[in-house]
Amino acid sequence: VTIQAAGGRSGFAHELVLHTTTAEMLEFVIAFAQDSVAAEEPTLLAVRPETAAAVLDTVGPAPHLTVLPAIGQPGRPASDLRATDALLTDYLAKAPRVRILNQEPTVPASHWHEWRRLEAVVNLALAHHNAWAVCVYDRHALTAERADDLCATHPLLWSEGQHRTNDGYQDPAEFISKHMDAPPDPVEHAAPAVEVIDPSPAVARATITRFTQHSGLPGAEIEGLILAASEAVANAIVHGRPPVVLRLWTQSGQVMTTVTDAGHGPTDPFAGLLPADQPNRQSDGPGLGLWISHQLVDVTHRRHPGGYTIRMATNPAPYKTAAPPTTLN
Amino acid sequence: MSGPWVVSSPIGRTPGDHVCWPFRHHHDLVAVARSYLAEGLARDERVAYVSAGGPGTLRHDLGGMPGLDEHLERGRLQLVPLDMLQAPDSSAHPAGELPLLATMTAEALDAGYRGLRIFANGTTRVRDPDRRAKHVRYEHVIDRLCRERSLTMLCAYDRSGLGDAAVAEVACVHALAHGGLSPFQLSAAELADVALAGSVDTFSTSDLVMALHRIDVPAPGNHMTIDTAALEFIDHRALLTLDQYATSRRATVMLRSAPGVVRRLMELLPLGAVRLEEAP
């Protein structure tokens with residue numbers, strides 16, 4: 001396999017690698033690492049231990065080459081996006097171009113909706129970076145629909161040993177607009193522990209506080225849920241249509257809450273994901289508050305015949321920031 | 001609404017307390033005044049009843065209080081027509097701005113009382129919106145005076161006549177309040193310029209900035225510290241608006257003892273004039 005740096009592109013190159021065998025994956029990753037070393041471009045590989053070992057054996061320690069442990073499960077997309085943006089900014093202060101390769105995790109069904117939104121919005125949110133980002137997925141771990149989503153969200157595709165322009169790539173706004181139908185979480189089919197009609201943000205906060213005080217959840221998760229629910233209710237009152245309904249479920253150490261109103265929800269397909277300092281983000285609009293909520297809790301949006309629902313959930317095992325990188329040099 | 005600033009009873013007060021007490025009916029006002037003043041008398045404090053009207057009207061309000069005539073004769077209980085309390089001027093120090101209250105407090109202590117306890121029905125002072133705006137600063141200065149001297153004050157306002165929103169404008173600058181009309185309290189603080197307690201969200205952000213403007217903090221061009229140890233909630237809009245307000249006054253605001261959620265929010269927001277004080 002010969003790697004040529006994504007056609008020598010400048011700007012942000014977002015490439016998809018779908019592999020069917022471990023050997024195929026290793027061949028790609030090692031060639032990518034070797035090419036990066038030869039090009040003397042700072043390169044981060046977020047890969048699983050066996051992949052890291054293979055790279056170390058074959059390529060060896062090298063300047064510019066950094067290996068991070070791959071994430072084991074999806075984090076919070078908006079938070080990951082913010083962290084990646086900061087990481088790229090940091091690297092690009094010292095180098096003209098940077099490469100990142102992610103060996104992607106197996107994504108639970110409940111997270112796929114936000115995951116594919118993230119893959120789409122990455123193309124805009126990181127467009128200002130001169131970076132080459134490669135997403136490596138195991139094709140056998142994906143349904144056909146998921147593989148289609150990935151093809152629709154990566155402008156570049158590794159295919160038949162070459163970096164190719166992906167004809168299946170879709171405009172991110174169009175793609176996300178077609179996927180505003182995230183299914184309800186199975187928990188939502190059960191009777192909620194509490195349902196409040198037309199709450200004020202203060203009532204929403206008091207409700208969450210009451211039902212989380214003995215949950216055993218980390219304080220930061222509870223605070224995040226209180227803030228997100230308060231924001232969701234405020235947005236529903238200001239931008240949505242009554243009635244506004246807050247529902248809350250507690251199950252298996254997790255607290256989930258939804259806020260439904262009869263409106264259409266945010267018109268911005270990137271709501272919650274794009275950084276707060278984008279030109280179209282205003283402090284008095286719903287964008288910044290949603291973006292903050294996405295940093296603090298698991299958030300999913302959906303439109304449905306009755307209106308719009310935002311679902312917010314805590315995570316019993318709070319996401320950890322990435323471990324300190326191991327530099328192989 | 002709950003919190004250490006919320007009071008449910010006019011009694012149980014100690015020197016330094018400054019309480020806002022909204023009422024609906026005159027008989028409620030009188031009942032509160034009597035129990036509040038009786039507690040002061042029992043604690044060997046000098047007490048004063050301040051309300052609109054002449055001495056006869058004021059005495060009538062307290063009619064039936066045990067030992068009323070003797071308390072009045074001995075000077076333990078004073079009846080003060082509201083007009084005698086001076087309106088605020090622009091001087092900065094509470095004792096300078098409120099000479100009568102400061103003098104009354106000093107006289108009570110000199111006479112051997114354990115302090116001065118005042119009940120004031122300020123309703124007529126805040127009917128006019130412009131006058132109410134000025135009165136908010138007056139109440140804040142009283143808040144500082146109570147904290148600095150052995151003064152206990154309960155300020156009553158007629159919510160049925162004024163409306164809840166108008167009373168909330170005044171209530172929010174008392175250290176303590178009955179009725180929960182304001183979701184936040186902006187009070188004098190021992191180790192900061194002011195203390196902010198309670199909650200500030202989308203629907204109360206403008207009220208917070210209006211209150212800060214009325215009590216004139218931060219002073220233009222100055223640095224100020226807000227004690228936020230009892231701040232239960234604040235959202236990003238409130239923080240951004242506070243930042244814009246401070247910037248417009250060329251001032252900076254330091255948040256002391258900020259709760260975790262405020263710290264997390266501030267990590268995410270591009271603020272210039274509002275900062276977190278580092279933990280010692």
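**Exercise 1. Characterise the contact between the two chains, beginning with its salt bridges.**

Between chain A and chain B the count is two salt bridges, a salt bridge being a side-chain nitrogen of Lys or Arg within 4 Å of a carboxyl oxygen of Asp or Glu. The model is a predicted one, in which local features need pLDDT of at least 70, side-chain atom pairs count only at pLDDT 80 or more, and totals for chains, interfaces and linings use all residues. Residues are numbered from 1 along each chain as its sequence is written, chains are lettered from A and ligands numbered from 1 in the order in which they are written, and side-chain values use heavy atoms, with hydrogens and water left out.

Step 1. A:Glu231 forms a salt bridge with B:Arg237, and their closest N and O atoms are 3.2 Å apart.

Step 2. In terms of contact (heavy atoms within 4.5 Å), 25 residues of chain A meet 15 residues of chain B.

Step 3. The area buried between chain A and chain B is about 1600 Å², with carbon and sulfur atoms giving 65%. Buried area here is the accessible area (1.4 Å probe) that two parts lose on being put together, summed over both.

**Exercise 2. Describe the nonpolar surface patch that includes A:Val238.**

Step 1. A:Ile237, A:Val238 and B:Phe203 make up the patch, exposing about 260 Å² together. Patches consist of residues with over 30% relative accessible area and no salt bridge, like charges being joined within 9 Å and nonpolar side chains (Val, Leu, Ile, Met, Phe, Trp, Tyr) within 5 Å. Accessible areas come from the Shrake-Rupley method with a 1.4 Å probe; for residues, only the protein chains shown count as cover.

Step 2. A:Val238 lies in helix H8 (residues 219-239) of chain A; helices (H or I, at least four residues) and strands (E, at least two) are DSSP runs numbered from the N terminus.

Step 3. A:Val238 counts as partly exposed because its relative accessibility is 46%. The classes are buried under 20%, exposed over 50% and partly exposed in between (1.4 Å probe, protein chains only).

**Exercise 3. Determine whether B:Ser187 and B:Asp83 are buried or exposed, and place each in chain B.**

Step 1. B:Ser187 belongs to strand E7 (residues 184-187) of chain B and is buried, because its relative accessibility is 10%.

Step 2. Beyond neighbours within four places in sequence, the contacts of B:Ser187 include B:His140, B:Asp143 and B:His174.

Step 3. B:Asp83 sits in the loop between strand E3 (77-81) and helix H4 (94-97) of chain B. B:Asp83 is exposed, because its relative accessibility is 74%.

Step 4. The C-alpha atoms of B:Asp83 and B:Ser51 are separated by 8.5 Å, the two residues being 32 apart along the chain.

**Exercise 4. Locate the cis peptide bonds at A:Pro243 and B:Pro218, and the positive phi of A:Glu160.**

Step 1. A cis peptide bond with omega about 0 degrees joins A:Pro242 and A:Pro243. A:Pro243 falls in the loop between H8 and strand E9 (245-251) of chain A.

Step 2. From B:Val217 to B:Pro218 the peptide bond is cis, with omega near -10 degrees. B:Pro218 occupies the loop between helix H9 (205-215) and strand E9 (223-227) of chain B.

Step 3. A:Glu160, a residue other than glycine, has a positive phi near 50 degrees. A:Glu160 is in the loop between strand E6 (156-159) and strand E7 (162-165) of chain A, and its 70% relative accessibility is why it counts as exposed.
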